[in-house]
Amino acid sequence: MNIEKMKTLGDLKSSGYISKGIKDELRDNLIEKIKNNEPAFTGIHGYDDTVIPELERAILSKHNINLLGLRGQAKTRLARLMLNLLDQYIPAVEGSEISDDPLNPISRYAKELIAEKGDDTPITWIHRSERFFEKLATPDVTVADLIGDVDPIKAANLKLSYADDRVIHFGMIPRANRSIFVINELPDLQARIQVALFNILQEGDIQIRGFKLRLPLDMQFVFTANPEDYTNRGSIVTPLKDRIGSQILTHYPETIEIAKTITQQEAKLDSRQTDMVYVPELAKDLLEQIGFEARESEFIDEKSGISARMSITAYENLLSAAERRTLKNGEDKTLLRFGDFMGVIPSVTGKVELVYEGEQEGAAAVATQLLGDAVKTLFPNYFPKIEKLQRPDEKTPYDDLVEWFFEQTGFELPDDLTDEEYKKKLDEVAPLNELIKKYQPEMDKIDTYFLKEFLLWGLVEFKKLSKQRYTKGIQFNDLYGSYISGL
């Protein structure tokens with residue numbers, strides 16, 4: 001279809017163009033994608049067997065949709081991706097405030113223009129990228145904002161009576177006619193404003209200031225809401241919920257692999273960082289595990305949720321910490337270290353809602369504990385499990401390493417070591433080398449240095465060693481030697 005040649009209503013009619021409602025557009029284009037085995041929602045991970053099938057069923061059913069889930073679960077992203085299911089271009093009456101369909105006009109302006117000019121009525125073509133409207137629901141949103149109101153300035157300029165419907169200034173929803181309209185955080189919308197949406201959802205028409213005005217709008221509504229909002233800030237009024245065809249529950253990534261994929265896709269990194277810093281796969285796993293631990297932590301409000309944005313910003317901070325260290329040392333390349341994870345703490349503390357006990361501990365202490373919990377969870381994947389209860393004379397694979405620390409006054413790993421100094425320092429601990437060789441013989445040498453630090457942190461978490469954070473680094477000691485020496 002050559003839209004450049006179709007500039008009038010007559011051109012449109014002669015082309016055989018058939019107009020359809022937005023819900024039919026979405027449905028027909030989704031059917032084509034399903035038939036061709038094409039993904040309808042690209043860039044969304046972990047929802048292939050849960051959320052996306054439900055969303056596709058809702059679109060096939062031509063429902064308005066409510067996406068219900070905690071923060072950072074890609075609700076708005078899903079709504080925006082629905083744009084890809086719209087036709088690339090649709091015709092509209094030129095000059096219409098509400099993008100009237102030339103073959104099915106609904107506004108007074110469009111009807112009068114077509115009555116006057118007939119087939120010579122000028123049309124314009126709207127790209128699908130212009131057919132997405134989004135409004136964040138806040139308590140100060142009014143009916144006038146969403147639906148419209150009488151405009152006294154327009155009445156004065158046109159010398160019209162307030163009884164004339166041409167004095168109406170349309171709000172966001174009528175202007176989004178034939179488009180996808182998203183209202184984020186629906187429960188934040190005052191109940192009386194939610195009531196104003198009843199007719200639009202059920203009959204597709206609007207009422208403004210008592211005008212006998214029927215505009216059968218053609219809309220695809222998508223709402224988003226957080227379950228926490230139902231108790232903290234407001235609720236979705238029952239009749240409105242009844243008018244929303246499908247409510248779809250979203251969720252967080254269920255595996256570390258999915259979480260890693262999302263983080264790698266969304267992190268905004270400078271290419272110079274990725275070229276400079278080598279990140280072992282274990283470090284990426286550890287970063288994501290922090291998020292999983294946070295969702296189970298007794299110090300964090302589970303109703304608030306842990307956004308996927310926490311892992312994304314934490315990964316950005318992690319690489320920036322390594323980059324800063326490398327620049328200060330005058331080096332061109334570096335390996336990521338455990339000390340760089342201290343740079344992740346501000347990303348964690350800013351993304352979690354602490355309960356009372358968490359506030360007592362302090363946000364930074366909770367973030368550090370989450371890192372320790374993540375180490376503890378992943379440790380058995382790489383080394384023999386350390387049991388809580390052991391007989392006093394029982395031999396373990398870690399005895400030589402613990403003994404090595406018992407004989408030292410303290411093993412320090414300053415944050416600002418050069419890469420050469422850092423490697424040399426860790427290589428000095430002979431039992432570390434033996435454990436890596438025995439239990440991770442296939443691991444690349446470049447990854448072993450981070451694994452050595454991981455092993456030390458793991459022994460601390462399992463109460464085999466102790467560690468102390470000082471201003472510029474970390475000191476590891478045997479568990480009891482620090483008490484004996486008075487440290």
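1. In this predicted model, helix 23 (residues 445–461) lies across three strands: strand 12, strand 13 and strand 14. Its direction is at about 110° to that of strand 13.

2. These strands form an open sheet in the order 12-14-13, and the pairing is antiparallel. Strand 12 (411–414) and strand 13 (465–470) are the edge strands; each has a single partner strand, so one side of each has no neighbour in the sheet. On average, neighbouring strands of the sheet are turned by 20° against each other, direction ignored.

3. Strand 13 and strand 14 (residues 473–478) run antiparallel and are joined by 6 bridges. Within this pairing, Arg 469 stands opposite Ile 474 in strand 14. Helix 20 (residues 399–406) also packs on the sheet, where it touches strand 12, strand 13 and strand 14. The direction of helix 20 makes about 105° with that of strand 14.

4. A separate point concerns helix 5 (residues 108–117). Which residues of helix 5 are buried? They are Ala 110, Leu 113 and Ile 114. Because these residues cover an arc of only 95° around the axis, they are on the same side of helix 5. Ala 115 and Glu 116, on the other side, are exposed.

5. What do the buried residues of helix 5 pack against? Their partners are helix 1 (9–14) and strand 2 (89–93).

6. After helix 5 comes Gly 118, which has a positive phi, near 60°.

Definitions and conventions: Residues are numbered from 1 along each chain as its sequence is written. This is a predicted model: local features need pLDDT of at least 70, side-chain atom pairs count only at pLDDT 80 or more; totals for chains, interfaces and linings use all residues. Side-chain values use heavy atoms; hydrogens and water are left out. Buried means under 20% relative accessible area, exposed over 50%, partly exposed in between (1.4 Å probe, protein chains only). Helices (H or I, at least four residues) and strands (E, at least two) are DSSP runs, numbered from the N terminus. The arc is that of the directions from the helix axis to the C-beta atoms. Contact means heavy atoms within 4.5 Å. Two strands pair if DSSP finds at least two bridges between them. Axes are lines fitted to C-alpha atoms, for helices over the stretch in contact, and angles run from 0 to 180 degrees between N-to-C directions.
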